[in-house]
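Here are my notes on the model you sent over. Have it open in your viewer while you go through them.

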There are 2 protein chains.
Amino acid sequence: MRHSRLLIATALTMIPAAAAAEEGMWTFDNFPIAAANRDLGTSIDQKWLDKVRLASVRIGGASGGLVSPDGLVLTNEHVASGCVEDLSTPERNYVQTGFTPQSRAEERKCPGTVAEVLTAITDVTARMQAAGAGLSGEAFTRARSAEAGKIEAEACGADKSRRCQVVTLYRGGQFKLYTYRRYTDVRLAFAPEHRAAAFGGDLDNFAFPRFAVDAAFLRLYENGQPVKTPGYLRWNAAPPQENQPVFVSGSPGATQRLLTQAQLRTVQDVTLPLEQLINSELRGRLLQFAAQNEQNAFVAGQAISGIENTYKRGFGRQQSLIDQRFMAGRAKAEAEFRARVAADAALRQLIGDPWTELANLQPEVARLYPGYYMLEGRAGGGSQLYNWAEDLVRGAIEKTKPSGERLPEYGDARLAAVENGLLATRPTYPALDEVQLAWWLSKTREILTVDDPRIAQVLGKESPEGLAARLARGTKLGDPAVRKALWDGGLPAIKASTDPLIQFLLRIQDVTRATRTEYEAKVQAPTDRASEALAKARFAVFGTSLYPDATGTLRLTYGRLRGWTYQGRVIPYATTFGGLWQRATGAEPFDVAPRLLAAKDRIPASTILDVAASTDTIGGSSGSPAINAKGEIIGANFDSTVLTQRNAYGYDPELNRSVLVTTTAITAALRHAYGQSHLLAELGVR
Amino acid sequence: MRHSRLLIATALTMIPAAAAAEEGMWTFDNFPIAAANRDLGTSIDQKWLDKVRLASVRIGGASGGLVSPDGLVLTNEHVASGCVEDLSTPERNYVQTGFTPQSRAEERKCPGTVAEVLTAITDVTARMQAAGAGLSGEAFTRARSAEAGKIEAEACGADKSRRCQVVTLYRGGQFKLYTYRRYTDVRLAFAPEHRAAAFGGDLDNFAFPRFAVDAAFLRLYENGQPVKTPGYLRWNAAPPQENQPVFVSGSPGATQRLLTQAQLRTVQDVTLPLEQLINSELRGRLLQFAAQNEQNAFVAGQAISGIENTYKRGFGRQQSLIDQRFMAGRAKAEAEFRARVAADAALRQLIGDPWTELANLQPEVARLYPGYYMLEGRAGGGSQLYNWAEDLVRGAIEKTKPSGERLPEYGDARLAAVENGLLATRPTYPALDEVQLAWWLSKTREILTVDDPRIAQVLGKESPEGLAARLARGTKLGDPAVRKALWDGGLPAIKASTDPLIQFLLRIQDVTRATRTEYEAKVQAPTDRASEALAKARFAVFGTSLYPDATGTLRLTYGRLRGWTYQGRVIPYATTFGGLWQRATGAEPFDVAPRLLAAKDRIPASTILDVAASTDTIGGSSGSPAINAKGEIIGANFDSTVLTQRNAYGYDPELNRSVLVTTTAITAALRHAYGQSHLLAELGVR
């Protein structure tokens, strides 16, 4: 991949210098209203912001938007696809047919899905910083996390209809308490055929022009009734115009724009290559598993999509990290920031030299990351059965301690979410879990090396393949009643269990926890402390004119519907259904979904399908409502281009593009392909 | 991986500065006899060299050594394992049982195996350089390759008992004609159980301490009789001593020590990551294929070993490329070399600035390499059926042209080797070919992107999976009689063939050849020209006190049997059978081979098994005879450590270690485990 000369100029605008127009994943309590209105020629205000915030829904790790007064949520098909799979069987496969109820009565609950609306943001920086003051290493990490748990518990108590979350912003520069209204009865209201949402498959993923109706509807329920949501976003199905202002409100997962160059070098040399290499092998294993027969193909579909998505995102990031101009721009910005700090004696005195601290820490990161990644970050290899077993075992152990002393994910304020996931009824396919576990165990042994004493603890005398087979085939955790009994029974039930996965999780607690503790003490804590110093310096130099790195929490970004030019190639801002018919070859993954294809004559070829926007989004923004200046919904964000993947490290206004499916396209599909007149009526479409 | 402080010092001794003691893969016509004798305290002479050369055997891409007057060759089991597999069936599986004939009469021909002994080296530099003078781009490449074909044809003619090869040394600084005595009847005389040779499997591959009896015997035949080889290496089974001098004579495949820093950056950023990522996926596919059932495990064994070997070698190289001290040493050496050239006005005038030329070329390399790698370098994904089809189709097309105008691998002097591979009788397993082809086709589409017009030519309207299935299942090329008929029938037979693989190869000729031509013209030719200028400068500054990069041709390297120290850990020079029994867990891959295990009580635990040596070897050196100062064989090289993989780019005397299986260990195994008394008698062991 080669690079436009523009990059060298634009890279200079990256954090920590002042943000470029259209750059930024802003928190709702620090959104630059004036700047946005100036850049876009709009006139949004605080009321507009509040309305948009309350119509924005977090769904698991993704996003959605309320679009009717009766709790209807627009999101992406790929956000809802786990639910679609869970509700499907090989015989009645909604993945293939779409899920198209003719009335609300036919809507079906998505196992384990939780939706949240952000209702309040409170500053808790002083409390959090005080909690860690004077501490270091593991004590620092634990004290911070105990304080967060305490704040959350104080604010939300045992109220399961709310969730409280202490959010770390600016890498420790700010801490905010986010309070959410929480909905645990989320039902599938509509999904198109998966092929309609994923036309082009992995090949067109992170691509544009794109031709995907990646949309689905969920509905929030409470007490068996749809939730009343008067503050919804009005559905605007008019064809979107080029350069039209657009806002995207959602929960982008993670960016690393505030990392120092030394930290980014570790990403480039150590962490990302490790992840890409071994995930690439998992991809191969899953593809071959799926090739074996139709049942396997059905079972592995979601896992394959997930790994291919991760892989391609990583690929785009690797490309950006070897883009010498892009990285030079970033280095220059860092040098300028350091120079400004160096020129301020008082500031220098206050923060010391966190850049050098972080640089000196990197060999330790490189040494400890592989073990941490394999034994904690990637433990279980994605196996659903493993994840349940881990929640059961760790949950039972942690619940015996005061909330503040637990692993943070099992603090009182977070247990409801854990329980919700554990007790959901969803199908399991142990053959898939066996592939994932065998991969994880064998890669762990390979990466840590066979002589690492932790390997003997994990494997005992078994081979990775043998152990994986024994665990996946022997466990009874696929039965929700078994999980409920173990969860309710607490540690005594866990210890008494003869389930092989439970026993395995018990056996590896020492080794996995020790690995985590070492990483937190020797890497995470010193990183957090240095990052906090950097954040202080950043505030001192730039004030809050900056936005924080994405943290999976609600953000608002703005931009315009725009194409771009790259290596002389001009990419227009929008695609049409006509383009879809043209790109279709009939062969997978370029075969049009049958019901959509059957509507070909009824959908005008010029109907706009997907559009690109210069908004600043990243994974997690999937399903985010795209909103016009009047607060109407005009689409749902579902992707960004592969060139945009560099936006993990910096925003590039020339190349950064979100990809949205338009309300125009969704309306046409609902009407002409899927016969969803009751939904169209609810959306107010004439 | 962290790095010893030694590196910064030792890296400075890398090429192009003068070589360190024990560094160097020397050609036999420029071996530094005096230096070696001085470094080692030995007294070898030209006669010694000649004897060793004539006792060194090239076997495919690997090496071996003559050890009896009757054509007996010691090599590695992993070199012979393709033959062992070819001779095996799932019912009679020599891979599992070992191949242990009780007399010569039971020795069996290895399908397609060719052995070669280097009989003469002649300088042809002037002719080759004259052929390319004044030309550039494709014309330069073609003229050179035509001249090489002409030289080879003149020297060897149609004599199939000889092979002539023009070898490019010093990246174009020298050209030598190598003449080989060629043997096409190579029989398997002994192989241990594969598990004995591969104890520890992929996990211990590139590791030391190591416990592998990676040895096998082949025998050269002619006219149905063993070849008389009076100049063999005498078998010395005495326990080897620490620090004992050792010479290793074999055919190391390829090093890249003469690459500039700019070229190496492309290796780090572009070529190696691409290869590692997609090969990692193939590894996953093959592992899952093998996990399906025992038949598949049998079928895929060799392919999995190969890909895991490639992967781990690449992993070691990636680690060295991010070793900032190692690379800084290399950068410093380059800067010094450039400075010496810059200080010599006449030299500067003569060679220009090849460093800058090469640096400027790198974006083009990055742009063209992926297509070249996918459509030429990796075409077919390792499928045996594909490789045959390619040789049939390209061979037929090329044979219609004068030798000098053909693709060089089908020049007159090289056709015998092609034919030998094509007509060999060996089993095929289309299910494996289908996996390899599906991987190759799908990765080609992904890497080139679906919108690359070449993809439409390769895939037509088919999916990678559908096409792979159609080709692998439909082809008849598994039948040697079919291949013979097509080979003998030439282009008319090929064009008339309805075999789907033949038709496919015909269809993709345009696109693959155009890709190759473009790469040769825009990357290879300018690289070759700049490299030749660098070679000239190198000769001017350093004379022939340097050795050339490895090129898969015969080299001699010297060193001592030595352990090393890394990160405070002291690794001794040798392992013993006692260590093997200790490391064995009983679980694969740490289960001792049954016949070897049965001999446990008869083999003294102190018997030396494998040793490490500071000789300078790399992939291709597998099976190279390890020879003492008296010209006796004391072992066979079979591996190097993962830290040694950096020796692709530079030799590091502190860490560079070859791994050898000793004659001591082989003798013990032949006697106590495998009952090979007739071989022991032939080796002169009392």
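The points below start with the contact between the chains and then turn to a few local spots.

1. First, a caveat: this is a predicted model. Keep that in mind for everything that follows.

2. How big is the contact between the two chains? Chain A puts in 39 residues and chain B puts in 39 residues. The area buried between chain A and chain B comes to about 3,400 Å², with carbon and sulfur atoms giving 54% of that.

3. On the polar side, there are 6 salt bridges between chain A and chain B. One to pull up on screen is A:Arg283 with B:Glu281, where the closest N and O atoms are 3.5 Å apart. The interface also has 6 residue pairs in polar contact, both partners being at pLDDT 80 or more.

4. Which parts of chain A face chain B? Helix 9 (201–204), helix 10 (261–292), helix 11 (294–321), helix 14 (354–377) and helix 17 (430–448) of chain A each bring at least two residues to that side. Helix 10 of chain A has the largest share, with 14 residues. Sorted by type, the residues on the side of chain A that touches chain B are 13 nonpolar, 10 polar and 16 charged.

5. Now the symmetry. Chain A superposes on chain B after a rotation of 180° with 0.0 Å of shift along the axis, and the RMSD is 0.0 Å. That is how a two-fold axis relates two copies. Both copies use the same surface, since 100% of the contact residues of chain A recur in chain B.

6. Next, have a look at A:Thr663, in helix 24 (residues 663–673) of chain A. Is A:Thr663 buried or exposed? With a relative accessibility of 0%, under the 20% cut-off, A:Thr663 counts as buried. A polar atom of the A:Thr663 side chain sits 2.5 Å from the backbone oxygen of A:Asn236. Leaving out residues up to four places away in sequence, A:Thr663 touches A:Trp235, A:Asn236, A:Ala237, A:Ile633, A:Ile634 and A:Gly635.

7. Over in chain B, helix 24 (residues 663–673) has 9 of its 11 residues buried, so the rest of the structure largely encloses that helix. The buried ones include B:Thr663, B:Ile666, B:Leu670 and B:Ala673. After helix 24 of chain B comes B:Gly675, with a positive phi near 55°.

8. Two prolines deserve a check. Most residues other than glycine have a negative phi, and most peptide bonds are trans. Yet A:Phe208 and A:Pro209 are joined by a cis peptide bond, with omega about 5°. A:Pro209 is in the loop between helix 9 and strand 9 (216–222) of chain A. In chain B, another cis peptide bond links B:Glu588 and B:Pro589, with omega about 0°, and B:Pro589 is in the loop between helix 22 (577–583) and helix 23 (594–598).

9. Last, the backbone angles at two residues that aren't glycine. A:Asn243 has a positive phi of about 70° and lies in the loop between strand 11 (234–235) and strand 12 (245–250) of chain A. A:Asn243 is partly exposed, at a relative accessible area of 38%. For B:Thr449, phi is positive too, at about 75°. B:Thr449 belongs to the loop between helix 17 (430–448) and helix 18 (453–459) of chain B, and its 42% relative accessibility makes B:Thr449 partly exposed.

How values were computed. Residues numbered from 1 in each chain as written. Chains lettered and ligands numbered in written order. Heavy atoms only, no water. Contact = heavy atoms within 4.5 Å. Buried area = accessible area lost by both parts, 1.4 Å probe. Salt bridge = Lys/Arg side-chain N within 4 Å of Asp/Glu carboxyl O. Polar contact = N/O pair within 3.5 Å; in protein donor to acceptor, adjacent residues only side chain to side chain. Helix = DSSP H or I, 4+ residues; strand = E, 2+ residues; numbered from the N terminus. Nonpolar A, V, L, I, M, F, W, Y, C, P; charged D, E, K, R; others polar. Least-squares fit on C-alpha atoms with pLDDT ≥ 70 in both. Buried < 20%, exposed > 50% of the residue type's maximum accessible area, 1.4 Å probe, protein only.
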